[in-house]
Amino acid sequence: MKKIVILISGRGSNMEAVVRACAREGWPARVCAVISNRPDAAGLGFAAANGIETKVVDHRQFDGRESFDAALAREIDRFEPDLIVLAGFMRVLTDAFVGKYAGRMLNIHPSLLPCFPGLRTHQQALDAGVRVHGASVHFVTPTLDHGPIVAQGAVPVVAGDDAAALAARVLKVEHDIYPRAVRWFIEGRLSIEGERVALTPSEPQWLFADIAGEGV
Ligand code: GRF
């Protein structure tokens with residue numbers, strides 16, 4: 001049974017998608033803890049209600065990134081996880097922290113990387129005039145919103161979209177690709193080859209959503 005620790009900062013809908021898929025599909029894995037850097041993160045309620053241990057490591061209680069990351073790592077390590085899943089975890093992590101969990105920490109970013117790293121990705125996409133936008137699941141490396149890509153989901157940008165409408169369309173595809181990517185890791189099917197991630201046996205590492213949000 002593999003062990004997963006999920007880090008959140010807010011709503012936690014991606015965490016919820018992973019927890020639900022793990023239970024529904026009977027993964028040989030267990031989400032053993034959900035840790036938030038914000039005490040008011042809404043996702044903590046879902047986790048606790050589903051019998052998952054929750055913990056808050058409030059970044060405001062620390063005087064720097066190093067001390068926060070060290071405290072966070074201590075909490076994570078209590079669970080001896082095989083995989084750390086960043087699900088809307090809104091903290092820039094130190095190189096030491098990233099290095100400690102190299103090859104076993106995944107993140108989801110709401111853009112088709114390498115386009116639009118950072119914040120306000122949906123507005124960035126609208127401003128750039130792209131016609132296709134989406135989300136990426138990637139292994140975490142020291143460079144923010146960068147790292148070998150495990151899966152991507154694409155959605156159209158349509159007339160009349162604002163950032164909120166686009167975000168909602170992307171979020172649906174996030175809830176599809178993130179559980180898939182986590183399951184592949186759990187099944188031991190991912191290997192990092194330079195900048196690329198190989199999935200064995202192979203299956204599509206992309207998903208195209210139609211306008212109604214259905215994958216094809
Ligand atoms: C998602 O769009 C995720 O890609 C981004 O932050 C958002 C978090 O949403 N990093 P949730 O907390 O998973 O609902």
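Which atom of the ligand does a polar side-chain atom of glutamate 174 lie 2.7 Å from? An oxygen atom. I'll start there and work around the ligand. One caution before that: this is a predicted model.

So, glutamate 174 reaches the ligand through its side chain, at 2.7 Å. The next two contacts are on the backbone. A polar backbone atom of glycine 12 is 2.8 Å from an oxygen atom of the ligand. A polar backbone atom of isoleucine 108 is 3.4 Å from a ligand nitrogen atom. As for cover, the ligand on its own exposes 370 Å², and the protein buries 85% of that.

Now the surroundings. The residues around the ligand are Arg11, Gly12, Ser13, Asn14, Gly88, Ile108, Pro110 and Glu174. Sorted by class, that shell holds four polar residues, two charged and two nonpolar. If you want to find the site on the screen, look for the largest pocket; that is the space the ligand takes.

One residue outside that list, and then I'm done: serine 36. You'll find serine 36 in strand β2, which covers residues 29–36. Is serine 36 buried or exposed? The relative accessible area of serine 36 is 1%, and the cut-off for buried is under 20%, so serine 36 counts as buried. Its side chain has a polar partner: the side chain of serine 36 reaches the backbone oxygen of isoleucine 8, at 3.5 Å.

To recap the ligand contacts: the side chain of glutamate 174, the backbone of glycine 12 and the backbone of isoleucine 108. That's what I have.

Methods. Residues numbered from 1 in each chain as written. Predicted model: local features only at pLDDT ≥ 70, side-chain atom pairs only at ≥ 80, totals over all residues. Heavy atoms only, no water. Near = heavy atom within 4 Å. Polar contact = N/O pair within 3.5 Å; in protein donor to acceptor, adjacent residues only side chain to side chain. Areas by Shrake-Rupley, 256 points an atom, 1.4 Å probe, with all protein chains shown as cover. 1 Å grid on protein atoms, 1.4 Å probe; cavity = no way out; pocket = protein on both sides within 12 Å on 5 of 7 lines; lining within 4 Å. Sits in = over half its atoms within 2 Å of the grid points. Nonpolar A, V, L, I, M, F, W, Y, C, P; charged D, E, K, R; others polar. Helix = DSSP H or I, 4+ residues; strand = E, 2+ residues; numbered from the N terminus. Buried < 20%, exposed > 50% of the residue type's maximum accessible area, 1.4 Å probe, protein only.
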